[in-house]
Protein chains: 2
Amino acid sequence: MTSQAADGPDTVAASRRSKLTREREQEFFDAVLDQIRACGYDSVTMEGVAASTRCSKATLYRQWRTKPQFVAAALRASRRTRFDGIDTGTLADDLREAARAAGAWSAKDTRLLQALGHAVTQDPELRTALREALIDPEIDALKQILRRGVERGEVPADHPALDYIPAQIFGVLRARPVLEGKDADPEYIVRFVEAAVLPTLGLT
Amino acid sequence: MTSQAADGPDTVAASRRSKLTREREQEFFDAVLDQIRACGYDSVTMEGVAASTRCSKATLYRQWRTKPQFVAAALRASRRTRFDGIDTGTLADDLREAARAAGAWSAKDTRLLQALGHAVTQDPELRTALREALIDPEIDALKQILRRGVERGEVPADHPALDYIPAQIFGVLRARPVLEGKDADPEYIVRFVEAAVLPTLGLT
DNA sequence: CCGTTTCGGAACGGGCACGTATCGATGAGT
DNA sequence: ACTCATCGATACGTGCCCGTTCCGAAACGG
């Protein structure tokens with residue numbers, strides 16, 4: 001009893017219209033995202049997710065009306081701040097740190113982005129869910145890093161390359177698997193920042 | 001008669017095991033690539049292609065055994081050198097020219113790349129067809145531009161940023177639609193090259 | 001000019017996945 | 001201890017698409 005209450009008293013008391021625990025729900029989300037990474041969005045089936053989590057298809061449809069809504073919920077639940085809260089004091093080190101985080105970040109989420117890349121253009125809800133889960137938080141964090149650098153006077157506010165830096169890092173991250181067939185590891189992306197981004201900004 | 005012979009006498013005389021003309025074949029290819037851009041790879045159906053080109057499904061299956069093989073053939077047929085043969089004499093202008101070409105290039109082929117992005121990880125034949133049709137030719141042309149610049153002494157051969165330039169341009173090209181929701185037009189990508197790439201290489 | 005071949009059209013069998021409905025079992029709340 | 005909602009399992013109806021097959025019609029080729 002006491003051990004079960006460790007989940008948090010109000011967690012259960014709070015309006016849970018379902019008997020599924022949060023952990024159980026997260027199993028469904030992990031399963032569907034894993035299958036999307038492996039087989040692509042279209043090839044993922046509710047039946048497959050139900051089978052791999054040993055739950056009933058009916059259960060999934062009771063909680064989420066349809067497959068896109070289910071996937072969107074999974075994305076929203078996996079929303080995490082990954083390289084947020086970086087603040088070393090200098091722009092160069094902040095960017096290096098962000099690059100390192102992005103490199104570690106890359107492997108799984110790049111796959112997810114790739115697999116959802118086209119599905120997202122069809123379903124608006126899926127689109128916003130993906131943006132809010134994987135894209136906007138990181139881009140915003142990056143922009144904040146840059147803004148702090150500008151405020152410290154490390155780089156002029158109207159530096160023409162500033163606007164392109166998020167697209168550059170995101171782009172290179174996603175381009176390497178296509179061009180070289182390897183995932184973009186931290187070493188690769190840090191080296192890129194030091195070789196291309198920092199010199200452009202006049203740092204180092 | 002004479003006007004029909006304008007197709008080329010040997011074009012017909014050459015071993016065409018099929019009654020389909022090259023132009024007719026290209027209609028099929030254009031149709032399937034258009035549908036892929038519009039609906040994604042998985043959603044494309046042989047029935048849809050047959051209907052939109054007013055041919056029989058049987059005809060498609062007579063020429064190509066299966067859907068991936070058909071799409072791969074379409075990709076191989078659409079293989080074109082886009083920004084090849086650029087040679088202005090200076091590295092900076094070559095890169096500007098390549099950027100302009102890439103910007104015009106982008107709209108349709110970025111969509112195709114996006115739509116095929118995941119399907120390609122499943123089917124090796126599709127993968128090589130896509131690489132040979134859309135990726136390798138452009139990357140090779142870009143590398144040649146850079147190599148000529150090195151040979152002219154405009155940039156040191158061991159410049160650390162050199163290796164990243166193809167990935168940068170490709171990456172930024174594909175990143176903008178995701179981050180900003182607009183296609184990367186020539187103006188955008190040329191501005192990027194001038195703001196970020198050229199300064200990094202020490203070219204003003 | 002006539003046989004042969006491939007064309008376009010249509011129907012078919014098979015499989016698969018969506019989303020629904022039914023049914024006993026189980027666990028929570030009173 | 002009893003009730004009731006939700007669980008997992010399963011079966012079902014529907015629609016879609018693959019790949020095949022059959023059928024005239026039309027176009028080559030000799």
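Me: What makes the pair formed by the side chain of B:Q63 and a phosphate oxygen of DNA strand C a polar contact?

Reply: A polar contact is a pair of N or O atoms within 3.5 Å; within protein, one must be able to donate a hydrogen and the other to accept it, and residues adjacent in sequence count only if both atoms are side-chain atoms. An N or O atom in the side chain of B:Q63 is 3.3 Å from a phosphate oxygen of DNA strand C, so the pair meets the cut-off. This is a predicted model, in which local features need pLDDT of at least 70, side-chain atom pairs count only at pLDDT 80 or more, and totals for chains, interfaces and linings use all residues. Side-chain values use heavy atoms, without hydrogens and water; residues are numbered from 1 along each chain as its sequence is written, and chains are lettered from A and ligands numbered from 1 in the order in which they are written.

Me: Which side chains have an N or O atom paired with a base oxygen of DNA strand C?

Reply: Among them are A:K57, at 2.5 Å, and B:K19, at 2.8 Å. Both values are within 3.5 Å, so these pairs are polar contacts too.

Me: Which elements give two or more residues to the surface near DNA strand C?

Reply: Helices (H or I, at least four residues) and strands (E, at least two) are DSSP runs, numbered from the N terminus. Chain A supplies α4 (46-53) and α5 (57-63), and chain B supplies α5 (57-63). The largest share, 5 residues, is that of α5(B).

Me: Why are A:S18 and B:K57 called near DNA strand D?

Reply: A residue is near a strand or molecule if one of its heavy atoms lies within 4 Å of it. A:S18 and B:K57 are among the closest of the 23 residues that surround DNA strand D, so the word applies to them. Sugar or phosphate holds 52% of the atoms of DNA strand D within 4 Å of the protein, and bases hold the rest.

Me: How do you know that A:T59, A:R62 and A:R24 make polar contacts with DNA strand D?

Reply: A phosphate oxygen of DNA strand D lies 2.6 Å from a polar side-chain atom of A:T59. The value is 3.0 Å for A:R62 and 3.1 Å for A:R24. Each is within 3.5 Å, so each pair qualifies.

Me: Which element gives the largest share of the surface near DNA strand D?

Reply: That element is α5(A), with 5 residues.
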